[in-house]
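Subject: The model for you to look at

Hi there,

Here is the structure I promised to pass along. Have a look at it first, and my notes follow underneath.

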Amino acid sequence: MIVCKSKREIELMRKAGRIVADALEIANEIAKKGMTTETLNRKLEKYVLQKGGIPVFKGYRGYPKSICTSINEEIVHGIPSQRKLRDGDILSVDIGVEYNKYVADAAITIPIGVISKGAENLLNVCEETLNKAIETICANNRLSEVSRSIQNYVESKGFSVIRDYTGHGIGRKMHEAPQIPNFVNKELLKSDEILLQGMALAIEPMICVGKHYTEVLKNRWTVVTRDRKLSAHFEHTVVVTENGADILTV
Ligand code: MF3
Ligand code: CO
C-alpha cells in the first residue's frame, strides 16, 4: 500500500531533504583527487548530525557507513574506505537522512578533476534523465510514465538502464511502496499505480555505458557493472502534487 503524506509530514520530509541536499553540495565542493571516500563519509556524517539529522544508511541491514560512495564501474552501495579518489574518476555519493522521524534520500555523481568526454556525457544524461522523469510526475499520471521516461531517454542517448535496482516510495521509512523501476516491464504495467497527491517517491536512475548486467562484490554491498564499464546515479526525493512534483532534496 502506498501511504500519502499530510502537509505536516511533507514539511518534516522537506527538512530532512534540505539536510541531504546541503550534504551533497558539500560533497560536490570538497571531493577532490587524493581524498579518501572515508574522509568524505566522516565529514558528511558530522554535518548531518550537527544539523540534528540521523544518517539512515548506517546500520541499515548492517551497512557500515553513513553514505554510499560508488566510483566508476561501481553503480550503487559502494562502501567508503581508505581508497583515494583519482583524477578522472566519477564518484556517486548517495545519502539518506532522517529528521523528526521522516526520511529523505538523494544522490549525485561528481566528476573528480578532468574526466573523459564519454564520462561527462554519461553524467549529463543521467542528471537530465532524472529531471525529465520528475517532469512527468503529476497527480493522476501513472507510475509507468515515470519509468518509461527514464528508459526512453537513456536508451535514446545510447546508454543502458540498470534493471536490478529501483527507486522507491519513502517517508517514515527509507524504503516504502511502490518500487519504481527505471524501465517498463510487465509487472509494473500490471499494478501500474495512479500517482496521488502526497505520495513521496525517491526517483533514482542508475545508468551505464555498456550492458545493464550487475554483480555484487565480495564485500556483499558494492554493486558493479558486470562488464566493468562506467555507471552513474542521480536521485531526488519528491512529492506528488496536483500540478507537478515538489522536489524535497534541494
Ligand atoms: N539510497 C539507496 C537506496 O535508495 C541506498 C541505501 S542502501 C544502504 O536504496 F544500505 F546504504 F543504506
Ligand atoms: Co534511494
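Is Glu 204 buried or exposed? Glu 204 comes out at 7% relative accessibility, and because buried means under 20% relative accessible area, this residue counts as buried. Please keep in mind while reading that this is a predicted model.

**The cobalt site**

Glu 204 is a good place to start, since this residue is one of the protein donors of the cobalt ion (ligand 2). The donors are Asp 105 through OD, His 168 through NE2, and Glu 204 and Glu 235 through OE, and they lie 2.1 to 2.3 Å from the ion. If you want to find them in the sequence, look for the spacing D-x62-H-x35-E-x30-E. Two of these donors sit in loops: Glu 204 between strand 9 (200-203) and strand 10 (206-208), and Glu 235 between strand 13 (231-233) and strand 14 (236-241), so the pair ties together parts that are 31 residues apart in sequence. Glu 235 is buried as well, with a relative accessible area of 1%.

Another donor, Asp 105, turns up among the contacts of Phe 57. Phe 57 is in the loop between strand 1 (54-55) and strand 2 (67-71), and at 6% relative accessibility Phe 57 counts as buried. Setting aside neighbours within four places in sequence, the contacts of Phe 57 also include Tyr 63, Cys 68, Asp 94, Gly 96 and Met 174. Ile 67 is on that list too; Phe 57 and Ile 67 are ten residues apart in sequence, with their C-alpha atoms 6.5 Å apart.

**The chain as a whole**

Stepping back, the chain has five helices and 15 strands. Its radius of gyration is 17 Å, close to the 18 Å that the globule rule gives for 250 residues, so the chain is as compact as a globular protein of that length. Along the principal axes, the C-alpha atoms fill a box of roughly 45 × 40 × 30 Å. Of the 250 residues, 55% are buried. Among contacts with a separation of 6 or more, 69% are between residues 24 or more positions apart.

As for the surface, the accessible area comes to about 11,600 Å², and 48% of that belongs to carbon and sulfur atoms. The chain carries 35 positive and 31 negative charges, and the mean positions of the two sets are 4 Å apart.

**A few residues to click on**

Ser 6 lies in the segment before helix 1 (7-30) and is partly exposed, with a relative accessible area of 32%. Ser 6 and Gly 198 are 192 residues apart in sequence, yet their C-alpha atoms are 6.5 Å apart in space.

Asn 41 belongs to helix 2 (residues 37-50) and is buried, with a relative accessible area of 4%. Beyond residues up to four places away in sequence, Asn 41 touches Lys 65, Ser 66, Ile 67 and Pro 80. Lys 65, Ser 66 and Ile 67 are also among the contacts of Phe 57, which makes a handy link back to the loop described above.

Leu 217 is in the loop between strand 11 (214-216) and strand 12 (223-225). Leu 217 is partly exposed, at a relative accessible area of 29%, and touches Thr 222, Val 224 and Arg 228, again not counting residues up to four places away in sequence.

**Backbone details**

One general point helps here: most residues other than glycine have a negative phi, and most peptide bonds are trans. With that in mind, where is the cis peptide bond from Ala 177 to Pro 178? Pro 178 is found in strand 8 (residues 176-180), and omega for this bond is near 0°.

Two asparagines have a positive phi. For Asn 100 the value is about 45°, and this residue is in the loop between strand 4 (90-99) and strand 5 (102-111). For Asn 140 phi is near 80°; this residue is in the loop between helix 3 (117-135) and helix 4 (143-156) and, at 58% relative accessibility, counts as exposed.

Have fun exploring, and write back whenever you like.

Best wishes

Conventions: Residues numbered from 1 in each chain as written. Chains lettered and ligands numbered in written order. Predicted model: local features only at pLDDT ≥ 70, side-chain atom pairs only at ≥ 80, totals over all residues. Heavy atoms only, no water. Donors = N, O, S within 2.8 Å, 3.2 Å for Na, K, Ca; no water. Helix = DSSP H or I, 4+ residues; strand = E, 2+ residues; numbered from the N terminus. Buried < 20%, exposed > 50% of the residue type's maximum accessible area, 1.4 Å probe, protein only. Rg over C-alpha atoms; globule rule 2.2 N^0.38 Å. Contact = heavy atoms within 4.5 Å. Areas by Shrake-Rupley, 256 points an atom, 1.4 Å probe, with all protein chains shown as cover. Lys, Arg positive; Asp, Glu negative; His and termini not counted. Charge placed at Lys NZ, Arg CZ, Asp CG, Glu CD.
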